[in-house]
Structure formats: structure tokens, C-alpha cells
Amino acid sequence: MKIKISIGLVAIAVMFGWQAGAQTYDTNNEVVQTFAGSAFSGYLDGQGQLTMFNNPNAVVSDSQSNLFVWDSSNSRIRKIAPDSTVKTFAGGGNQTSGVGTNVNLSGLTLCSLAIDRNDTIWMLAGGGGGIFYLYEITSSATITNTKPSLFLNNSSDIPLFGLCLDSSGKIYISDPDANKIYNYTTNGVLSVFAGSGNVGYADGNGLFTAFNKPAALACDSANNIYVWDSWNYLIRRIDQSQNVTTLAGKYQNGSNLDGVSTNAAFNLIYQMSADNSGNIYLACGNSIRKMEATTNVVTMAGSFTQSGYTNGAGNLARFNGANGVCLSQGSIFVADSGNQRIRQISFNPQPQVVTGANLGIGTFAGITITGAVGRTYQIQSSPDLNTWTTRATLLLTSSPYLWIDQNPIAGNKFYQALMLP
């Protein structure tokens, strides 16, 4: 399927008028860890930090907590299992459609990635010359781009526009050049959902509204559509009656500021994701922010003014191109493009006891851990299963990982492992 999208100068416009404002950090004790990827750009499947990406810039999650990442400079979709195992899901072949790695996705510039309730991935990507394709990728990695053509306005191939799906499988596409939000059903019917096409700012209903370069989209559990109205620097909401309401942001003020509703300000949003409680998570380049259902906007992690790579508490963590965001496994996952990593933001993390099949006890004094590569573990021992003493703290560099007690003593000794936050 070929799609013509016009997106004008969105990428240039968001660079102007930038200012730093006050940050208010969330109070849920968010901690940032690296889930997959290393500091090295490249292409390597594997587990955890023993893998390589090349500018990963979008991420979604399916119902089984698998992550799917658009690895842009490798022109592939990578699949990351809950245990952080990375495999290539699609791309790398020579066919225009087919299954998984038989399909050629090279030369495409990603515009947006979304996933529906059947775990079908939808991808808007440009092939140059202003021609865009809508790829449908099933959970079995069957890929097709033969949907009926959408003829939207076109004057550029800068990839900043939005894609999302509601609970019924309807597809919503923002067209920044046309200043409209389209509703597209999988049987090929395209209609305007909101926007008159006039450049400007006006709340209202359906066609009697105005946007200025609408970009990233998200859909919540009530099928409300959230729009990053990029040149107005506003987050707008469209309900299923097509009523458009401004929720947050300062009109044509590209600063960064946490606060409630129009007291908050945004300079840039790459991707948005909604949870089941009405919270919207925002990938903002150097920071991950959250707009609560009450329209209170806070920072979860990162900085308005500093980029880099630091794990740890949200206010200390640093990103370098936090371009993608999604929810999975009760955590937030971030495509950190410039750091070549997928980062995980956990809420109130606690040490987790490693049990069952993930522990192996042999004839040696020690244990074997099957766990998440790149995470930190603490080894403890006890003579009676009541009093535990820390014996070692280590970074898991492989899985399974054999740890041998270098100071065994006579008598009974029991071991346990804790995966640290």
C-alpha cells in the first residue's frame, strides 16, 4: 500500500523557540535500567546488553510482553522477549512482502509504529520521494503492504506524523501537511476524523477544528485519540464524538515546563503511549514525561537540558534520543536511539528472589543463575535459612551464570540470589 503524506517542516520547526523550564519529578520512585543493547552501534542478536542496535527509534509491546523495536539504521524490526533475548523479527530479506526476515525493509524511513489488540503490528514508513507504505505485520511475522492506497497531501518525507489504533481496529493517521486526523478502516475506507485543513488552532467538533502540524498519536482504553499538535505545542484530545479539546501545553510556546494542563509546556514529543488509567507517557528526546488523567504533567526520568547515558533514579537518569516509549510488564520501555539501547523504567523496584528453574545447585559450593544479562545480582548465604549474609554482588554477563563460593566452610550452607533494581 502506498501512502502520500505531507509533513512540511515539522522537524525544523520544533528546533526553534526552545527553552528549559522547571521539572517536577514523579513521586513513584522510578528507576532506569538498561534492558537491551550496548554502547556500540551495530547488528547483533543475543541477550540483554550483549546485543547491538543501530539507532532504535520506536517501540511497541504485544499482549505477551514482547517488545518490537524499529531498528532504523539496520532496517529491521527486532523482537525482545521478557527475558531480554533479542531476535530479528522482520527485515533483512529481498522480498516486498512475505514472512519475517525474507522481506526487505531497507531504504525505509519509519514514520510511526503501532500494535492492535490482535498483536498485529502496523508500520508507516517512507520509501523516498514522499511515498509512504502502510505495512501490516501479523504475530507470525507475515508482512503485507498491499492495502488500498491513501492519497494524502504530500510535499516532504520528513517522518514526523502519527499512527494509532482503537479497540475496534480502526486506524488513525495524522497528516501534518493537511492539518487533519484521518480515520482509516482496514477495508480501505478513509475519512476525516478531525481538522478543517486550515492552519491554526481551534477546538470544536470534527471538521470545525484547526491544527498546526499534528504529529504523534495515542489511543486510550476509552478510544480517545491524543494528538501532539506540534506547531501549536499542545496536546489535544479527540473523543469518539469527534469533539476536540486542548488538554495541556502553552499555545505556540516551545519551552519545557511541568505543571497542570496549560501551565505545562512541551518542546518536542516523538511518541506517545497510553495506559489503562488514562495516563499518557511521552518520549521527549532527553526525558520521559507523563501526563496524568488529571492533566498534571510530571517528568518520570531524564532532563530537559542534559543528554547522556546514566542509569538510576529518575532525576539522575539521562537519555540521548528517547524517541520511543511503550508500557509492558508493568514497566515503561524506551527506545534510546543515541545510546543504542532499550531502557526500562521501573516503579518502586524491589529486590526479586530468584527461584525455581532459574536456580541450579551442583556439587560445588555455589549456585548457577539463569537470569537477565546486564542486570545486577546479589548472592547471599545462610547456615540455617534464617540469617542471610551477602557474599557477592555481580553483573550478570551471561546466562546461565556460574558463581562458585571461594571460601566454603564446613557444615550446611544455603545460597540464594536477589536480582537488584
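Begin by selecting β9 (109-115) and β10 (121-126), two strands that pair in the antiparallel sense over six bridges; strands here are DSSP runs of E of at least two residues, helices are runs of H or I of at least four, and both are numbered from the N terminus, while two strands count as paired if DSSP finds at least two bridges between them. The model is a predicted one, in which local features need pLDDT of at least 70 and side-chain atom pairs count only at pLDDT 80 or more, whereas totals for chains, interfaces and linings use all residues. Residues are numbered from 1 along each chain as its sequence is written, and side-chain values use heavy atoms, with hydrogens and water left out.

Stay with this hairpin for a moment. A114 stands opposite W122 in β10, and in the stretch of five residues between the two strands D119 takes a positive phi near 65°. Next, colour β10 by burial, where buried means under 20% relative accessible area, exposed over 50% and partly exposed in between, with a 1.4 Å probe and protein chains only. Six of the six residues of β10 are buried, so the strand is largely enclosed by the rest of the structure. Both of its faces are covered, with I121, M123 and A125 on one side and W122, L124 and G126 on the other. In a regular strand the side chains alternate between the two faces of the sheet.

Now show the side chains of W70, I77, F89, L105, L113, M123 and Y135, which touch the most other members of the largest nonpolar core, a set of 20 residues. Such a core is made of buried Ala, Val, Leu, Ile, Met, Phe, Trp, Tyr and Cys residues joined through side-chain atoms within 4.5 Å. The elements that give it two or more residues are β4 (56-61), β5 (67-71), β7 (85-90), β9, β10 and β11 (131-137). Apart from this core lies another, of 18 residues, among them W228, A264, L282 and C284. Returning to Y135 and leaving aside its neighbours within four places in sequence, one finds it in contact (heavy atoms within 4.5 Å) with residues including T96, L105, L108, W122, I143 and N145.

From β4, β5 and β7, extend the selection to the open sheet of five strands in the order β3-β7-β6-β5-β4, whose pairing is antiparallel. Its edge strands, each pairing on one side only, are β3 (46-47) and β4. β3 and β7 are joined over two bridges in the antiparallel sense, and the bridge partner of G46 in β7 is V86.

The largest pocket comes next, and V60, I115, S273, A274 and C326 are the residues to centre on, since of the 48 that line it these lie nearest its centre. It holds about 1,100 Å³ of space; on a 1 Å grid over the protein atoms alone, a pocket is an open set of points with protein on both sides within 12 Å along at least five of seven lines, and lining residues have an atom within 4 Å of a point. Grid points are joined across faces, edges and corners, and the volume is the space filled by probe spheres set on the points. Two or more lining residues come from each of β4, β9, β14 (163-165), β19 (214-219), β24 (271-274) and β29 (322-328), and β9 gives the most, with six. The lining divides into 26 nonpolar, 15 polar and seven charged residues, where Ala, Val, Leu, Ile, Met, Phe, Trp, Tyr, Cys and Pro count as nonpolar, Asp, Glu, Lys and Arg as charged, and the others, Gly among them, as polar.

Follow β29 out of the pocket lining to β30 (331-336), which runs antiparallel to β29 and is joined to it by six bridges. The bridge partner of A322 in β30 is D336, and Q329, in the hairpin with two residues between these strands, takes a positive phi near 55°. Six of the six residues of β30 are buried, so this strand is largely enclosed by the rest of the structure.

Continue to β31 (341-347), which five bridges join to β30 in an antiparallel arrangement. Select I342 in β31: I342 is the bridge partner of A335, and also of A36. The latter belongs to β2 (30-36), where seven of the seven residues are buried, and β2 pairs with β31 in the antiparallel sense over six bridges.

Finish at S398, in the loop between β36 (389-395) and β37 (401-404). S398 is partly exposed, with a relative accessible area of 32%, and its C-alpha atom is separated by 8.3 Å from that of L50, 348 residues apart along the chain.

Technical notes: 1 Å grid on protein atoms, 1.4 Å probe; cavity = no way out; pocket = protein on both sides within 12 Å on 5 of 7 lines; lining within 4 Å.
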